[in-house]
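Here are my notes for someone opening this entry from scratch. Please keep the structure beside you and read the points in order.

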Amino acid sequence: MAEGICYVCNQSFTAADKDTAIDKIVEHMMAAHHGGIWGDAMQSKNAFDKCPVCDADIGKPLAKCPSCSADLIEQYARRVVSRYVH
């Protein structure tokens, strides 16, 4: 059993495993807190060096990967949420 929280509103989530818990929290965050997550993801200190989906070079804040069109806002949320799930 895995448990985690939304780091924006502190809502608790539980799931059978860590990956499922992360999926549930990210889905919640993208629906309820998209603007805040977008703002955080667009800060240059939070930019991806490489796309977590296709490994293309990025190096600057972008909403979508120029190579594979992956949603980098969602990928940023996944990266942060993984620290809040145990």
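1. **The aromatic pair.** This is a predicted model. The structure holds 1 aromatic pair. Its partners are Tyr7 and Tyr84, and the pair is stacked. The ring centres are 5.7 Å apart, with 15° between the planes.

2. **What the pair joins.** Tyr7 sits in the loop between strand 1 (2–5) and strand 2 (12–15). Tyr84 sits in the segment after helix 3 (72–81). The two parts are 77 residues apart in sequence, so the pair ties them together. Buried or exposed? Tyr7 is partly exposed, at 21% relative accessible area. Tyr84 is also partly exposed, at 32%.

3. **A charge over a ring.** Look next at Phe48. Arg79 lies over the face of this ring, at 4.3 Å from the ring centre.

4. **Helix 1, length and start.** Helix 1 covers residues 18–32, which makes 15 residues. At 1.5 Å a residue it should span 21 Å. The C-alpha atoms at its ends are 21 Å apart, so the model agrees with the expected value. Asp17 caps the N-terminal end of helix 1. One of its side-chain oxygens lies 3.2 Å from the backbone nitrogen of Asp19.

5. **Helix 1, buried side.** Which residues of helix 1 are buried? They are Ala21, Ile22, Ile25, Val26, His28, Met29 and Met30. These buried residues pack against strand 1, strand 2, helix 2 (34–41) and helix 3. A general point helps when reading such a list. An α-helix has 3.6 residues a turn, so residues three or four places apart point the same way.

6. **Two histidines.** His28 is in helix 1. His33 is in the loop between helix 1 and helix 2. Their side chains make a polar contact of 3.2 Å. His28 counts as buried, at 16% relative accessibility. His33 counts as buried too, at 16%.

7. **Around the histidines.** Set aside neighbours within four places in sequence. His28 is then in contact with Cys6, Cys9, Gln11, Phe13 and His33. On the same basis, His33 is in contact with Cys6, Val8, Cys9 and His28. Cys6 and Cys9 appear in both sets.

8. **Helix 2 and the first loop.** Gly36 lies in helix 2. Gly36 is partly exposed, with a relative accessible area of 44%. Val8 is 28 residues from Gly36 in sequence. In space, their C-alpha atoms are 8.3 Å apart.

9. **Helix 3.** How many of the 10 residues of helix 3 are buried? The count is 7, so the helix is largely enclosed by the rest of the structure. The buried residues are Leu72, Ile73, Gln75, Tyr76, Ala77, Val80 and Val81. They pack against helix 1 and helix 2. Asp71 caps the N-terminal end of helix 3. A side-chain oxygen of Asp71 lies 2.9 Å from the backbone nitrogen of Ile73.

10. **Positive phi values.** Two residues other than glycine deserve a look at the backbone. Phi of Asp55 is near 70°, a positive value. Phi of Ser69 is near 65°, again positive. Asp55 is in the loop between helix 2 and helix 3. Ser69 is found in that loop as well. Ser69 is partly exposed, with a relative accessible area of 49%.

11. **Cysteines without disulfides.** How many disulfides does a search of the whole structure find? It finds 0. Cys54 is in no disulfide, and its nearest cysteine sulfur, that of Cys68, is 3.7 Å away. A disulfide would need the two sulfur atoms within 2.5 Å. The sulfur of Cys65 is 3.7 Å from the closest cysteine sulfur, in Cys51, and that is too far for a bond.

12. **Setting of those cysteines.** Cys54 and Cys65 differ in accessibility class. Cys54 counts as partly exposed, at 31% relative accessibility. Cys65 is buried, with a relative accessible area of 2%.

Definitions and conventions
Residues are numbered from 1 along each chain as its sequence is written. This is a predicted model: local features need pLDDT of at least 70, side-chain atom pairs count only at pLDDT 80 or more; totals for chains, interfaces and linings use all residues. Side-chain values use heavy atoms; hydrogens and water are left out. Buried means under 20% relative accessible area, exposed over 50%, partly exposed in between (1.4 Å probe, protein chains only). Rings of Phe, Tyr and Trp (its six-membered ring) pair if their centres lie within 6.5 Å; planes under 30 degrees apart count as stacked, over 60 as edge-to-face and the rest as tilted. Helices (H or I, at least four residues) and strands (E, at least two) are DSSP runs, numbered from the N terminus. A charge sits over a ring if NZ of Lys or CZ of Arg is within 6 Å of the ring centre and within 35 degrees of the ring normal. The expected span of a helix is 1.5 Å times one less than its number of residues. Contact means heavy atoms within 4.5 Å. A polar contact is a pair of N or O atoms within 3.5 Å; within protein, one must be able to donate a hydrogen and the other to accept it, and residues adjacent in sequence count only if both atoms are side-chain atoms.
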